[in-house]
Amino acid sequence: MILNAPCAGEWQLFDSTEPEDHLLAKSICETCPFLAECRELRGSLRLTGGIMPEGTWAGIGHQVDRRWKCGTRNGYDGHRYHREEPCEPCNEARRLHNLARTEERRRAREQKNVDYADRKIGNSSAA
Ligand code: SF4
Ligand SMILES: [Zn+2]
């Protein structure tokens, strides 16, 4: 961290993985005069496989990054959370997710009907 940066001494906010804290920290980074330098530092640590701290660094939330990968259903929510238009892979992931859920529900309904029919047959043969 850079000594006279806006985040200096604000570890409680910047180490936090709470979404609200992340948004606030991110907005501070966005106006920080050291943002470019900070990004570069973060990028080099990432390239060398260094351990990334949790929380917000250079306007990016590490925990949030890990949870929200593009091309997943969570990615879609991630875009929404950041108030951005979801990218194509995330839209597609959401579409597939919804299709799968519809299909799951249909199967569950079908299974219920089969069970019900079985019970009726079971009852009538017992009677
Ligand atoms: S960009 Fe964010 S984390 Fe980096 S020095 Fe500025 S306030 Fe701190
Ligand atoms: Zn995406």
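The protein chain contains 6 helices and 2 strands. This is a predicted model. In sequence order, the secondary structure elements of the protein chain give the pattern α-α-α-β-β-α-α-α. The protein chain comprises 127 residues, of which 11% count as buried. When contacts between residues at least 6 apart in sequence are considered, 35% of them in the protein chain join residues at least 24 apart.

**Helix H2**

Helix H2 spans residues 19-30 and has 12 residues. From its first C-alpha to its last, H2 reaches 16 Å, which is close to the 16 Å expected at 1.5 Å a residue. The buried residues of this helix are His22, Ala25 and Cys29. Viewed down the axis of H2, the buried residues fall within an arc of 70°, and therefore they line one face of the helix. The face turned away from that buried side carries Glu20, Ser27 and Glu30, which are exposed.

**Surroundings of ligand 1**

Ligand 1 is surrounded by 14 residues. The closest of these are Ala5, Cys7, Cys29, Cys32 and Cys38. Two elements, H2 and helix H3 (35-47), give two or more residues to the shell around ligand 1. Cys29 thus links the two descriptions: this residue is among the buried residues of H2, and it is also one of the closest residues to ligand 1. By residue class, the shell around ligand 1 divides into 13 nonpolar and 1 polar, with no charged residues.

**Ala58 and Gly78**

Two individual residues are described next. The table lists their positions and neighbour counts.

| Residue | Location | C-beta neighbours inside 10 Å | Class |
|---|---|---|---|
| Ala58 | loop between strand E1 (56-57) and strand E2 (60-61) | 18 neighbours | partly exposed |
| Gly78 | helix H5 (residues 73-81) | 19 neighbours | partly exposed |

Ala58 has a phi near 55°, a positive value in a residue other than glycine. This backbone angle belongs to a residue placed in the loop between strand E1 and strand E2. Ala58 counts as partly exposed because it has 18 C-beta neighbours inside 10 Å, whereas a buried residue requires 20 or more.

Gly78 lies in helix H5. With 19 C-beta neighbours inside 10 Å, Gly78 is likewise classed as partly exposed. Along the chain, Gly78 and Cys90 are 12 residues apart, and their C-alpha atoms are separated by 9.3 Å.

Definitions and conventions: Residues numbered from 1 in each chain as written. Chains lettered and ligands numbered in written order. Predicted model: local features only at pLDDT ≥ 70, side-chain atom pairs only at ≥ 80, totals over all residues. Helix = DSSP H or I, 4+ residues; strand = E, 2+ residues; numbered from the N terminus. Expected span 1.5 Å × (residues − 1). Buried ≥ 20, exposed ≤ 12 C-beta atoms within 10 Å, placed from the backbone. Arc of directions from axis to C-beta. Near = placed C-beta within 6 Å. Nonpolar A, V, L, I, M, F, W, Y, C, P; charged D, E, K, R; others polar. Contact = placed C-beta atoms within 7 Å.
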